[in-house]
Amino acid sequence: MIYLDNNATTKVDQRVFYKHCEVLNRFYGNPSSMYPTGIVAKEFVSKAREQVASFINANTNSGDKVLFTSCATESNNAVLYSAIQPNISGKHIVISSVEHPSILNPASFYESIGCEVTRIAVNSDGLVDEDQLLGAIKENTSLVSIMLVNSETGVVQNIERIAQKIKSLRPDLLFHTDAVQAAGKLPLDVMRLGVDFLTLSGHKFHAPKGIGVLYIKAGVPFIPFLIGGHQENGLRGGTENTASIVAIGEAASIAQERLGSGVEFSIASLRDKMERLLQESFPDSIIFGKNVLRVCNTTNIGFKNVIGDKLVLQLAQKGICVSSGTACNSVNMEPSSVLKAMNAPEDYIYSIRISLSKETVESDILALIKALKEIL
Ligand code: PLP
């Protein structure tokens with residue numbers, strides 16, 4: 001199998017896998033218990049929190065919080081929920097039109113029960129219209145949420161600049177970024193980005209599925225989404241998923257090390273070579289977001305009058321895994337809402353997404369090009 005769908009999920013790193021198994025097997029105590037195996041589990045959770053904090057340059061000693069959640073969907077839902085409580089009908093939130101469904105869908109739900117939602121347009125490169133965004137902010141706006149990297153195109157928004165603009169207009173306005181598709185591909189620094197909240201998902205950077213992170217800046221108000229026991233300092237009820245927390249901590253340290261040694265440049269050089277070969281072989285194809293900054297691993301390509309879903313199945317028959325639209329949409333024949341928002345031409349809108357990782361090698365790319373030539 002040739003796996004080129006790393007924006008859908010990634011292979012668990014070997015080091016992460018062994019840590020995960022070790023905790024499941026040997027350190028199964030509840031971190032809230034007071035006897036030694038519980039105390040060890042609690043220490044593991046604290047260490048993982050520091051590993052993630054270091055990965056995103058959060059400072060837990062000065063009150064920044066790194067909350068472990070069940071997934072990025074939960075983190076995103078929690079931010080929206082917190083920002084509009086308790087008087088939903090008086091609140092206004094601003095999001096972009098190309099957010100992940102874990103922002104778009106709860107926003108639509110809250111809209112249906114009285115919250116006002118403004119969806120900011122993007123241009124044909126996928127970049128948010130920053131003037132429209134600033135113009136949308138009102139007195140009752142309680143949150144702006146703009147993703148750092150788009151999952152379908154890899155396009156990077158200038159979150160740092162957007163944060164500066166928002167804060168100079170309304171310093172108290174809360175700003176969230178979904179950084180799920182940035183982790184392991186770009187250095188992450190919450191101080192530099194200037195955000196109040198940031199979301200991560202373990203399975204997008206070689207940790208297991210079912211573990212997420214929500215960063216909350218020191219002093220920022222947060223109303224818990226999951227109410228239960230006193231875990232996570234009372235900010236999220238539910239017994240900690242110790243093994244997966246240790247795994248995401250380890251994956252964060254590994255990603256930090258690899259970014260330090262420039263892994264993103266080697267992935268980018270393979271991706272750029274793949275794009276050159278694709279455009280030589282299929283001169284009338286379109287690569288979406290190509291004119292602006294994208295993360296190192298993502299190519300979203302449309303072939304004239306080719307239906308992406310059909311192509312995905314044909315490639316799968318040859319043992320090659322790519323996707324069309326987001327993973328969550330892969331059974332859905334609607335064109336991608338992201339490409340629609342970017343005004344993609346009708347005859348190219350059913351594109352495919354190819355996403356590489358540190359595991360991808362040149363022969364994978366050559367096999368993909370060969371298979372595409374045979375099919376198209
Ligand atoms: N946000 C983005 C940008 C994503 O790409 C995804 C998953 O595809 C999510 C959120 C949801 O992540 P999870 O699977 O951890 O809920």
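Student: How do the residues of the shell around the ligand divide into nonpolar, polar and charged?

Tutor: In this predicted model, the shell holds four nonpolar, eight polar and two charged residues. Altogether 14 residues surround the ligand, and the closest include Asp178 and Lys204. Asp and Lys are counted as charged.

Student: What makes the pair between Asp178 and the ligand a polar contact?

Tutor: The cut-off is 3.5 Å between N or O atoms. A ligand nitrogen is 2.6 Å from an N or O atom in the Asp178 side chain, so the pair is within 3.5 Å and counts as a polar contact. Lys204 can be judged in the same way: a side-chain N or O atom there is 2.6 Å from a ligand oxygen. For Ser201, a polar side-chain atom lies 2.7 Å from an oxygen atom of the ligand.

Student: How much of the ligand's accessible area does the protein cover?

Tutor: On its own the ligand has 390 Å² of accessible area, and the protein covers 89% of that.

Student: Which helix gives the most to the shell?

Tutor: That is helix α3, residues 72-84, with three residues.

Student: Let's turn to helix α6. Why are its buried residues said to line one face?

Tutor: The buried residues of α6 are Ile159, Ile162, Ala163 and Ile166. Viewed down the helix axis, they fall within an arc of 100 degrees, so they line one face. The general rule helps here: an α-helix has 3.6 residues a turn, so residues three or four places apart point the same way.

Student: Which residues are exposed on the other side of α6?

Tutor: Gln164 and Ser168 are exposed there.

Key
Residues are numbered from 1 along each chain as its sequence is written. This is a predicted model: local features need pLDDT of at least 70, side-chain atom pairs count only at pLDDT 80 or more; totals for chains, interfaces and linings use all residues. Side-chain values use heavy atoms; hydrogens and water are left out. A residue is near a molecule or strand if one of its heavy atoms lies within 4 Å of it. A polar contact is a pair of N or O atoms within 3.5 Å; within protein, one must be able to donate a hydrogen and the other to accept it, and residues adjacent in sequence count only if both atoms are side-chain atoms. Accessible areas come from the Shrake-Rupley method with a 1.4 Å probe; for residues, only the protein chains shown count as cover. Helices (H or I, at least four residues) and strands (E, at least two) are DSSP runs, numbered from the N terminus. Buried means under 20% relative accessible area, exposed over 50%, partly exposed in between (1.4 Å probe, protein chains only). The arc is that of the directions from the helix axis to the C-beta atoms.
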